Amino acid sequence: MSRQLHIFPAVEPLSQAAADQFVQIGQTAVAQRQRFLVALSGGGTPKALYNLLATPAYARQLPWAQTFIFWGDERLVPPDDAESSYGMTAQHLLAHVPIPPQNLYRALGEADAPTAVADYQAKLAQMGEPWPQFDLILLGMGHDGHTASLFPGPLPHEAETNSVIAVTANYDGRPAQRITFTPRLINRARHIFFLVTGAAKAPALKAAWHGPTNPEQWPVQRIQPEAGQVSWFVDQAAAAEISEG
Ligand code: 6PG
């Protein structure tokens, strides 16, 4: 694994840098493998990135017909619910770009957890293998160190054998029932972006970057790709406790 830290004064330049790399990774993936397989994240932080990718300047650079979109986690609410990560992404990005609808692999947020897990594992398998290697997985991080929907505490044993698991977790009043990619699936990715802003996340960012290793307390530490590259796009407030180098 290689990792890079990019620190910005505000979310706008952070999003611009992430958008530039998003485009580059998408173009390279299509040139090399004829497909761009990407997993998006929910939460508030990536909205500015999605807005930017929806602008003509960025949208026209992306190979939408060969782009296949999943979500690294989803809250178990219907797609038109204000808390749906798919819904948020549709509103900020997907409604504005020429992506074929059949290239969108949303989780069945409206289903019960076992159904949603089975459905999403089957959708992953449609990518040619049960554990597809994503070109890019976007992730956020909570102030408690969660990422995707991998929350503090032990990882359920089925995370060893499943690419997707169901979890229940309370965080900032958001929907508690969720499904999420497992670390084993995420860690196969070629590129992972973390988008992190705000002073409240400084301790978790310090733990992610400097340790000590305690993934039950800081689940973000479970993200250690086998061979991929991790790029952190963070603002100065979140990076307050990091020493570079
Ligand atoms: C979600 C996410 C979650 C998110 C973090 C950070 O369901 O919200 O997928 O992992 O990325 O909670 O969220 P913010 O960007 O809103 O701080």
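**View 1. Strand β5, covered on both faces.** In this predicted model, strand β5 takes in residues 136–139 and has both of its faces covered. Leu136 and Leu138 sit on one side, Ile137 and Leu139 on the other, and every one of these four is buried. That pattern fits a simple rule of thumb: side chains in a regular strand alternate between the two faces of the sheet.

**View 2. The strands that pair with β5.** Here we look at the partners. Strand β2, residues 36–40, pairs with β5 in the parallel sense, with 2 bridges. If you want a spot to find this pairing, go to Val38, whose bridge partner in β5 is Leu136. Strand β8 (residues 191–196) also pairs with β5 in the parallel sense, this time over 3 bridges. For that pairing, look for Leu139, which stands opposite Phe194 in β8.

**View 3. Ser149, a buried serine in a loop.** Follow the chain into the loop between β5 and β6 (164–168) and you come to Ser149. Its relative accessible area is 0%, so Ser149 counts as buried. What does Ser149 touch, once its neighbours within four places in sequence are left aside? The list is Asp73, Val167, Arg178, Ile179 and Thr180. With Asp73 there is a polar contact too: the two side chains come to 2.6 Å. Ile186 gives another bearing, as it is 37 residues from Ser149 in sequence and 12 Å away in space, C-alpha to C-alpha.

**View 4. Helix α1, end to end.** Helix α1 covers residues 11–33, which makes 23 residues. Why does its length look right for a helix? At 1.5 Å a residue the expected span is 33 Å, and the end C-alpha atoms are 32 Å apart, so the two agree. Plenty of names turn up on the buried list for α1, among them Leu14, Ala18, Gln21, Phe22, Ile25 and Ala29. When you trace them, keep in mind that an α-helix has 3.6 residues a turn, so residues three or four places apart point the same way. After α1 comes Gln34, with a positive phi near 65°.

**View 5. His92 in helix α4.** This last close-up goes to helix α4, residues 85–92, where His92 is found. Is His92 buried or exposed? The relative accessible area of His92 is 16%, and the cut-off for buried is under 20%, so His92 is buried. Setting aside neighbours within four places in sequence, His92 is in contact with Lys47, Tyr50, Asn51 and Ala54.

Terms used: Residues numbered from 1 in each chain as written. Predicted model: local features only at pLDDT ≥ 70, side-chain atom pairs only at ≥ 80, totals over all residues. Heavy atoms only, no water. Buried < 20%, exposed > 50% of the residue type's maximum accessible area, 1.4 Å probe, protein only. Pairing = 2+ DSSP bridges. Contact = heavy atoms within 4.5 Å. Polar contact = N/O pair within 3.5 Å; in protein donor to acceptor, adjacent residues only side chain to side chain. Expected span 1.5 Å × (residues − 1).
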